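Trainee: I'm new to this structure and would like a close look at just one part of it. Could you take me through it slowly?

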Amino acid sequence: MINFNGTIVSQDDNILTQNRAFLYGDGVFETVKIINNKILFLEDHYFRLMSSMRVVRMEIPMNFTMEYLEEQILSVVAANGCSASARARITVYRNDGGYYLPQNNTISFLIHSQPLENTLYEIEKKNYEVDLYKDFYITKQLLSSIKTTNKIINITGSIFADENGLDNCLLLNDSKNVVEALQGNLFMLVGNKLITPPVSEGCLNGVMRRQILNLAKKIENLEVEETVISPFDLQKADELFVTNVIKGIQPITQYRKKNFETNTALQLLEKLNEMISST
């Protein structure tokens, strides 16, 4: 028997009592965008998921191929009637058993989806204000670069942003350098140089980050660099923007008293949509 919200019920009535993702954060996940029944950047998502599972020493089933993952995601999207435009999340977690030491490394997975309004990426023309979140820090380690089910920094940072009327917050690592935003990777334009922190600084190895880096390198007279960003550097920037697979590119228009342009973000968004439309 267990106590669930003040009521004594059978343990069998609650599937979370042994779920390792719930009890220990023993899970990894991927969030993907679907347009016209096609998963964008499927290969990048698949190989990042496989890499994440290997990092945390999960056993990868023999049938867990890219084709199998695609089939499983699209079947849920179709069942929910949102194949035209949707977001879907696959959470992979180690099976029940054990405490900190698992009884085995086999896995189960859960996929859910919901519709999105737009097919191609768009930028809302609105003020988007951010500030630093300094209550907790990201550590410069491999675990910080993968998507695990422990996102408590992002949760507390989101609460902080909401309480302070901010649209987002920028996270710092244990060297007090700027790493990423709450919901994506950070890019900074200074003159003709586009900068994003390297994965070694503790930022997420983002799928959209990779796309933007590749697209930016094709823009004439734009220098692309992966290097450390300090809080002081933000005040010198001409542009700041956040990237993730669902939103695409979100320009930051204000950091403290500094306002930013959005020209490069708009240019990259146009190239991103062109790339998607041609595939």
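Which residues of helix α7 are buried?

Mentor: Happy to, and keep in mind as we go that this is a predicted model. Helix α7 covers residues 263-278. Let's start with its length. With 1.5 Å for each residue, the 16 residues of α7 should span 22 Å, and the C-alpha atoms at its ends sit 23 Å apart, which agrees.

Now for your question. The buried residues of α7 are T264, A265, L268, L269, L272, N273 and I276. Try finding them on the helix in front of you. Around the axis they take up an arc of only 170 degrees, which puts them on the same side of α7. Turn to the face that points away from this buried side and you'll meet the exposed residues E270, S277 and S278.

So what does the buried side pack against? Quite a list: the strands β3 (27-35), β10 (184-190), β11 (193-196), β13 (239-244) and β14 (248-252), along with helix α5.

Let's zoom in on one of those buried residues, T264, which is found in α7. Its relative accessibility is 10%, and since buried means under 20%, T264 counts as buried. Leaving aside residues up to four places away in sequence, T264 touches L189 and E239. Look those two up among the strands and you'll see that L189 falls in the range of β10 (184-190) and E239 in that of β13 (239-244).

Next comes the helix partner, α5, which runs over residues 207-216. The axes of α5 and α7 come within 10 Å and cross at roughly 105 degrees. Angles of 65 to 115 degrees count as roughly perpendicular, so that is how α5 lies relative to α7. On the α5 side, the contact is made by M208, Q211, I212, L215 and A216. From α7 come L268, K271, L272 and M275. By type, the residues of this contact divide into seven nonpolar, one polar and one charged. You've already met L268 and L272, as both are among the buried residues of α7.

To put the pieces together: α7 has its buried residues on the same side, exposed residues including E270 on the face turned away, and α5 packed roughly perpendicular to it.

Notes
Residues are numbered from 1 along each chain as its sequence is written. This is a predicted model: local features need pLDDT of at least 70, side-chain atom pairs count only at pLDDT 80 or more; totals for chains, interfaces and linings use all residues. Side-chain values use heavy atoms; hydrogens and water are left out. Axes are lines fitted to C-alpha atoms, for helices over the stretch in contact, and angles run from 0 to 180 degrees between N-to-C directions. Helices (H or I, at least four residues) and strands (E, at least two) are DSSP runs, numbered from the N terminus. Angles under 35 degrees count as roughly parallel, over 145 as roughly antiparallel, 65 to 115 as roughly perpendicular and the rest as oblique. Contact means heavy atoms within 4.5 Å. Ala, Val, Leu, Ile, Met, Phe, Trp, Tyr, Cys and Pro count as nonpolar, Asp, Glu, Lys and Arg as charged, and the others, Gly among them, as polar. The expected span of a helix is 1.5 Å times one less than its number of residues. Buried means under 20% relative accessible area, exposed over 50%, partly exposed in between (1.4 Å probe, protein chains only). The arc is that of the directions from the helix axis to the C-beta atoms.
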